[in-house]
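Biologist: I would like to learn how to read a new structure. Could you walk me through this one?
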Amino acid sequence: MSTTAPTGAPVNATWDELVTSALLGTDRRPLPRADGSAPTPAELLATAAVHTVRRRAALRPGAAAAEPLAPAPADPRPSLPAAARRRLARLLADRSSPPNGRRGTAPDLTELIPQWLASASAHGYRAPAELLPPLLDAARARTDLRPYVLPFAGPRGLWLAALNPEWRFALRPSSRGAQRPDISDPEVVRVLWEEGLFAERVALLGALRERDPGEARSLLTSTWTTERAEDRLMFLDSLRSGLSHADEDFLEQALADRSRNVRATAAELLSALPGSRLARRMAARAMSCVNPDRTEGAVSIAVEAPHECDPAMQRDGVVPAPPQGRGERSWWLSQLVESAPLGIWRGRFDGRTAHELVSLPVADGWEGELHAAWCRAAVRQSDGEWARALLGTPSTPPANGPGTASLAERSQLLAILPPAERALWVADFISAHGLSEAFQLLGVCSVPWDGALGRAVVDALDIARDAGSYPWSFSGVMGLAERCLNPAEADRLAVLTTTPDEPADASPGAGGYWSEAFQRLVSTLRLRAEMEAELAGTQAEPAGEGAAR
């Protein structure tokens, strides 16, 4: 198809202006040519057709280039199986379809795009050349898709993105999945660090940190005193990757930084190193506040919160001013305890384990404050033993157990545990308490939910349906289940798609809504199984498909 403009002077209009004029009519929304004359409706539609071709080719209208474009780089990955290619086209086409209110029983295809892209990349396929423009459009509209789209699009996607300013996000080094900077040449590294854009320097530091943490730290040290405070904060955050005691001297110096945020981040990183000098200082302060009390025979925990926040504490990252509604002394205490190594408490309390320590009574109402600080310390230090102790048994109501009643903080503790143990804990929690409080806990479980966790979710949904309430309060969990349940659960769920007899005290029509929700869940699980089978097919096209032009 030719992309030559229509005869006569060209119509000066953007794509949106062309669409508006076509919908409203050239009489109500005229679009003059460059010479001022009015185009006929046929000429306007012809111009729109030219724009359509250019948009699909990812080429913006403009003057002809003196030199033809260089070919796109080769992508040696195998192409998608034909069925998977057609599926991707449908997923991307559905993405642009306007929502029509009630979801009905049909799967929400837009929510399955990330999963499909992750699976396609895991299989090692390359993106079809003709679908690169809609893929990049999807990533432009949804930032959550970019970590999946960019690796799948590969070098051809980056080549294409360079031709369209709307896709410039794909060229930013900070974009997850974008090409990493070349760190093989020391001179290239030096020039990029000294002259590169901020995002390029962050990406460079991250790449170096993965290869050689010491080299990255030396590079950062070379320009540290000349960097802006906000840049120092971002650069310091990159030290989380590969953090070790070799970073301690640099972080100790950062404790005296002019920026409060930089000082706080340096203190947080040092407290994650149990043997650091800061950790030892915090341990001494925390142990002066938290001690065993044996005055009444049985051991309990006595707490005496700090009476002041001296300059030395502030240098070590203790923030003196508490949040609104929080007492100063409890605020200082929590910061000391969460920054102290958890290993100190076993020696302080006669060799008691974490489980035994969290079971001890705490005097004067300090239990909630102390346990919450221990929770944050366990997360910061990734201590599985303390995480288990603070989570307690899944059957215990959160408000009555050890640790914290906050489900958000419990989710952070769960994330420390191995995936299988995490899933089993959440399954037992759901069996004991249902789904109403499980949404955040399910969010940290590995996908797919199978075994005990999958059965617990399905059983809890069945119980919720029989209770006679509307399913809307479980919409978040149902949405997660559509994306995360093992597709093998579809047959087990099929029996729940029928409309049950409603008890006398049930909400009117609740059974029908539940039936609809379960039909959508079952159809989504079966669709996911089909998509995975398509991607696992052996009928892949040859890898020698010609490069995109």
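Biologist: Let me begin with the overall make-up: how many helices and strands are there in the chain?

Modeller: This is a predicted model, so please keep that in mind as we go. The chain holds 26 helices and 2 strands.

Biologist: What share of the residues is buried?

Modeller: Buried residues account for 43% of the 549 residues in the chain. As for the outside, the accessible surface is about 26900 Å², and carbon and sulfur atoms contribute 54% of that.

Biologist: How should I read contacts along the chain, and what share comes from residues 24 or more positions apart?

Modeller: Take the contacts with a separation of 6 or more: 71% of them join residues 24 or more positions apart. For a single pair, look at Trp 159 and Ala 72, which are 87 residues apart in sequence but have C-alpha atoms 6.0 Å apart in space. Trp 159 sits in helix α6, residues 146-161.

Biologist: Is Trp 159 buried or exposed?

Modeller: A residue counts as buried when its relative accessible area is under 20%. Trp 159 has 15%, so Trp 159 is buried.

Biologist: Now the strands. In which sense do β1 and β2 pair?

Modeller: Strand β1 (residues 290-293) and strand β2 (residues 300-303) pair in the antiparallel sense, over 4 bridges. For instance, Asn 291 has Ala 302 of β2 as its bridge partner. The two strands form a hairpin with 6 residues between them, and Gly 297 in the turn has a positive phi of about 90°.

Biologist: Let's turn to helix packing. At what angle do the axes of α18 and α20 cross?

Modeller: Helix α18 (residues 367-381) and helix α20 (residues 407-416) have axes that come within 9 Å and cross at roughly 35°. This crossing is left-handed. On the α18 side, the contact is made by Cys 375, Arg 376, Ala 378 and Val 379, while α20 brings Glu 409, Gln 412, Leu 413 and Ile 416. Sorted by class, the contact has 5 nonpolar, 1 polar and 2 charged residues.

Biologist: And why is helix α19 described as largely enclosed by the rest of the structure?

Modeller: Count its buried residues: 6 of the 8 residues of α19 (residues 384-391) are buried, so this helix is largely enclosed by the rest of the structure. They are Gly 384, Trp 386, Ala 387, Ala 389, Leu 390 and Leu 391.

Biologist: Which helices do the buried residues of α19 pack against?

Modeller: They pack against α16 (344-348), α17 (354-359), α18, α20 and α21 (419-433). Notice two familiar names there: α18 and α20 are also the pair whose crossing is left-handed.

Definitions and conventions. Residues are numbered from 1 along each chain as its sequence is written. This is a predicted model: local features need pLDDT of at least 70, side-chain atom pairs count only at pLDDT 80 or more; totals for chains, interfaces and linings use all residues. Side-chain values use heavy atoms; hydrogens and water are left out. Axes are lines fitted to C-alpha atoms, for helices over the stretch in contact, and angles run from 0 to 180 degrees between N-to-C directions. A crossing is left-handed if the near helix is turned anticlockwise from the far one by less than a right angle, and right-handed if clockwise. Contact means heavy atoms within 4.5 Å. Ala, Val, Leu, Ile, Met, Phe, Trp, Tyr, Cys and Pro count as nonpolar, Asp, Glu, Lys and Arg as charged, and the others, Gly among them, as polar. Buried means under 20% relative accessible area, exposed over 50%, partly exposed in between (1.4 Å probe, protein chains only). Accessible areas come from the Shrake-Rupley method with a 1.4 Å probe; for residues, only the protein chains shown count as cover. Two strands pair if DSSP finds at least two bridges between them.
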